[in-house]
Amino acid sequence: MSHLPDDLLYTEDHEYLRKSDDGTWVVGITDYAQGELGDIVFVELPSAGDAFDARASFGTIEAVKAVSDLFAPVQCEVTEVNAALDDDPGLVNGDPYGEGWMIRVRVTNEADLDGLMSATEYGEHIG
Amino acid sequence: MPLPIESEQGFTRRHIGPSDSEIREMLGVVGAGSLDELVRSTVPASILHEEDLSLPEGLSEPELIERLRELGERNTVLRSWLGMGYHATHTPGVIQRNILENPGWYTQYTPYQAEIAQGRLEALLNFQTAVIDLTGLEIANASLLDEGTAAAEAMSMAAGRVKGDRSTFFVAENSHPQTIAVVRTRAEPLGIEVVVDDAASYEPTDDLIGALVTWPATDGAIEDYRDFAERVHAVGGYVVAVADLLSLTLLTPPGEWGADICVGNSQRFGVPMGYGGPHAAFISARDEFRRQMPGRIIGVSVDVNGDPALRMALQTREQHIRREKATSNICTAQVLLAIMAGMYAVYHGPEGLKRIATRVHDLTRTLAEGLRRGGHEIVHEVWFDTLRVRPSGGSADDVIDAALEVGINLRRFDDGTIGIAFDETVTPEDVDDVLAVFAGGGESGPGAREIASALDPAELPEPFRRSTPYLEHPVFNTCHSETEMLRYIHALESRDLSLNFSMIPLGSCTMKLNATTEMVGVTWPEFGALHPFAPVDQAEGYAALIDELGEWLCEITGFEAVSMQPNSGAQGEYAGLQVIRAYHLDRGDAQRKICLIPSSAHGTNPASAVMCGMKVVIVDVDDEGSIEMEDLRAKAEAHADELAAVMLTYPSTHGVFEEGIREICDLVHARGGLVYLDGANLNAQVGVARPGDYGADVCHINLHKTFAIPHGGGGPGMGPICVNEKLAPFLPGHPVIPVGGEKAIGPVSAAPWGSASILVISWAYIALLGREGARRATEVAILNANYMARRLEEHFDVLFRGKNGRCAHEFILDLRPFRKAGITEEDVAKRLQDYGFHGPTMSWPVVGTIMVEPTESEPKAELDRFCDALISIRAEIEQIELGIADRDDNALRNAPHTAAVVTADTWDHAYSREHAAWPAAWTRAHKFWPSVGRVNNAYGDRNLVCACPPVEEYTGIA
């Protein structure tokens, strides 16, 4: 059973959002997602300042035998990217909710947050 | 009773694995009274081809050789100094006999099972290293199909990486004509405008994707492109160089004067011209392109024990994973030929290569000096081995005709000049012959030796002279005696499992017998030594062979016309869809761009469709792997006005003869679309059903599957397309040698008949089997698969069967139930290595399964042995399921077991060494040892190294 912290919001695309004290949100993929993908070998991320509509692709994540798009969970603007993933994409496998985070964003349409799932709902989603 | 004096050399019984009595026994197991009854209970009655194919009677092997000799004698091998990317070469005997003519090398499969493929992986790493060193760039792949398509791939790479919306690609006008044409063919459907012009005067614009220059140029000119590269970079474009590997031993590498990508043909590194191929094209690039690089890249990783191990890296770039988002559709490459070129570099080493290049250059200097003395003009100032000459007095035609009289092909330029491209086979006497030809019967002055004795050794001028060393790795500085070379080649060969050890039952890959008699003609000079652009009257034997093979392929598939150009199945798909596109455009239906593709299709299908500017719409398949008719109907209807084509594989990728195939074809035709048939599974149809009869409009044929061209460890291949009357006018043309239909699309390959020399193999295959043998092969391929499926069904779930519970020529075993025991398909495949087998196709077309295709060539004993191995592995899994074997520390999870591991002083596993290494009785008699433990895939992708690492890190050299 994969780990599902209670304090996060989740998407159907297996991403999570965590609110920071400064009002920005950190986005990454869930423990379940990294487990399904297997060893992550490359994460392609946008640049700070890039803006995305909800559900637009903001990057890609590559495992040995699979590649997936990363989708913006909400309409947002990127304020910071996790540069550590360039050197060590395995952080996503080892610590998806911590050092394996991907982007920090400013949410530009708060209403989009309403459509996201709680840990319980996401747990049901992945069965 | 007459005496039995007729030949007993019939070949069919040699090609077919099971004997007649075994076939009877196996028919009993699968519950069929005869082979014919088996076929009738397997193939839908609506598509059965009831008549005999109109093919000749099979020849005996001696008769075949006789026939081939006659054809060979009708080819005239002259000295062809036509250049354009093809040059005569001395194939070192040790390489010819021990690699090109050695089934231990040429019957290998693509190195997906890295642990039993370390030999060719090392050989390919050598090739990549040589390319990286010589071109002065940072990464290289393990070969592309030919120089023309490599140039087109470079354009796509640049387009995939360039910033902003750009649509122009520049090609220098002094590039090879076929390269320009192949790039144009590729660019057009993608909406890229190709500008062909003089690089010196070209002003790059802001919408430039990149610019391609050829160095040395097609007429031999060597120009300084440093400023040009700066101008291209200044507008944000990329520079592509088409280069010649031998010249780069003397010339500044393109990576040092601003090229971002470099491509070319490695043929002159010891690979026969073969009337167009096969040879390996190379591609190298700056590191920033690592995720845009097409094709297979060999990378260094580590195995489970932490020892260095090689593997195919970054496979997520490739079509089988990325599908319609892939950067290229390339799948099969030119592995065998890349290995030969790499070995040529190993054998000669940096000094030997430089000696060869210098000698070729000096002979060219000698010729230039002699021609100048004769009053002829050498057009360019700086050149390596190719001169453009303006003859004084008589016309170019007179000179070219006179050359022909003495057995020399020279190149004719439109402006009355002549091209002469020298190579390593040229002698001083050859130079004398050219001088005499130019003298036109008059006094030709001093001979080559006299001229050369008066010339000083001189290097190329700055800035063209190379100063950077190359090939410094020990692998290129060790094996310069034939004894060492022979042992190195053998050491690598012995690490690789090939068909001469055991069956390679790869679903969808048809690893059948590549008979020796089918192979022998390839290296005869009458077939091997022809330049692809030699006048066609010098290749009458080839023409007859290609015509005959074409007729046979059309008869087998039920079509009207054929193009031999495509060099792989994926390229066949691309060519076929381009032809469909041209058909729609010709009818004014430019909007027809929708290509329906079942979700179960091979990844090359969507990748090829996108390359042809089509939009892919995925059609659902049902639980049996067959197309959902309702979904197909709905999508065809929804896109009726834009429907271009449907791409089908038959029998389906799930190994089933779908009953509704005719209905599917009719449904698409009714809405104006055409039917592309992927011929990957043609081995289940020859003589039994014909795509052209049941509704396909075009079909590619993997000659390297169904028609016995060996797989070569991942190439060569051939993917000719057969088409009906509607599409025949659009078959691809060629700018140098006229081929194709009257409304031909541009060439899809550099050479007019693709890799012509290996057409000899498929021609021989059909000629040997003949009408009856060809059908018999299909019948037994179906029998072998059904026999194995029947034997294995008590132990595994066999998925997706067609009518009467029959599979076609391959079947899928479901391994997903074993996940509960912690066992995956990969564990089973790796454990099979311990039993001496190459694993079947894994996780395709269904994740968590394996797909087994035995082919007709495997004898019953081998089928049984493979079944026994799988049944034994099933018992090992049961031990885990029952808790008797440890869930984590068991022989499957730790497989494969190397000799080093099982003989180490420490052994701390929960099972015995004996169980690890000798799991079946036959392994005692004949054991194949994987040379490394299970390879760590993630490590290699996270740390890409695609050149030979320093020796202290890597002790792969024998």
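1. A residue is called buried here if 20 or more other C-beta atoms lie within 10 Å of its own. By that rule, 61% of the 958 residues of chain B count as buried. Please keep in mind as you read that this is a predicted model.

2. Let's stay with the overall build of chain B. Chain B contains 32 helices and 26 strands. Its C-alpha atoms fill a box of roughly 85 × 75 × 70 Å along the principal axes. The radius of gyration of chain B is 28 Å, which agrees with the value near 30 Å for a compact globule of 958 residues. Among contacts in chain B between residues at least 6 apart in sequence, 79% join residues at least 24 apart.

3. Now for chain A, which has 127 residues, 36% of them counted as buried. Chain A has four helices and nine strands, and along the sequence they follow the pattern β-β-β-α-β-β-β-β-β-α-α-β-α. The C-alpha atoms of chain A fill a box of roughly 35 × 35 × 25 Å along the principal axes. A compact globule with 127 residues would have a radius of gyration near 14 Å, and the 13 Å of chain A agrees with this. Of the contacts in chain A with a separation of 6 or more, 60% come from residues 24 or more positions apart.

4. How do the two chains meet? Nine residues from chain A and eight residues from chain B take part in the contact. On the side of chain A that touches chain B, five residues are nonpolar, one is polar and three are charged.

5. Two helix pairs in chain B deserve a look, and here is the first. Helix 21 (residues 569–586) and helix 22 (residues 604–611) of chain B pack at an angle of about 40°, with their axes 9 Å apart. Angles from 35 to 65 degrees fall in the oblique class, so helix 21 of chain B is oblique to helix 22 of chain B. The crossing of these two helices of chain B is right-handed. Helix 21 of chain B contributes Gly569(B), Ala570(B), Glu573(B), Tyr574(B) and Leu577(B) to the contact, and helix 22 of chain B contributes Thr604(B), Asn605(B), Ser608(B), Ala609(B) and Met611(B). By class, this contact has five nonpolar, four polar and one charged residues.

6. The second pair is helix 13 (residues 335–373) and helix 15 (residues 428–439) of chain B, whose axes come within 10 Å and cross at roughly 25°. That makes helix 13 of chain B roughly parallel to helix 15 of chain B. The crossing is right-handed here too. On helix 13 of chain B, the contact residues are Leu363(B), Thr366(B), Leu367(B), Gly370(B) and Leu371(B); on helix 15 of chain B, they are Val431(B), Val434(B), Leu435(B) and Phe438(B). Seven of these residues are nonpolar, two are polar and none is charged.

7. If you check the backbone, start between strand 7 (261–265) and strand 8 (281–285) of chain B, where Pro278(B) lies in the loop. The peptide bond from Gly277(B) to Pro278(B) is cis, with omega near 10°.

8. The loop between helix 16 (448–454) and helix 17 (482–493) of chain B holds Pro463(B), which a cis peptide bond with omega about 5° joins to Glu462(B). Leu471(B) also lies between helix 16 and helix 17 of chain B. Phi of Leu471(B) is near 50°, a positive value in a residue other than glycine. Is Leu471(B) buried or exposed? Leu471(B) counts as buried because it has 23 C-beta neighbours inside 10 Å.

Methods. Residues are numbered from 1 along each chain as its sequence is written. Chains are lettered from A and ligands numbered from 1 in the order in which they are written. This is a predicted model: local features need pLDDT of at least 70, side-chain atom pairs count only at pLDDT 80 or more; totals for chains, interfaces and linings use all residues. Two residues are in contact if their C-beta atoms, placed from the backbone, lie within 7 Å. Ala, Val, Leu, Ile, Met, Phe, Trp, Tyr, Cys and Pro count as nonpolar, Asp, Glu, Lys and Arg as charged, and the others, Gly among them, as polar. The radius of gyration is taken over C-alpha atoms; the globule rule is 2.2 Å times the number of residues to the power 0.38. A residue is buried if 20 or more other C-beta atoms lie within 10 Å of its own, exposed if 12 or fewer, and partly exposed in between; C-beta atoms are placed from the backbone. Axes are lines fitted to C-alpha atoms, for helices over the stretch in contact, and angles run from 0 to 180 degrees between N-to-C directions. Angles under 35 degrees count as roughly parallel, over 145 as roughly antiparallel, 65 to 115 as roughly perpendicular and the rest as oblique. A crossing is left-handed if the near helix is turned anticlockwise from the far one by less than a right angle, and right-handed if clockwise.
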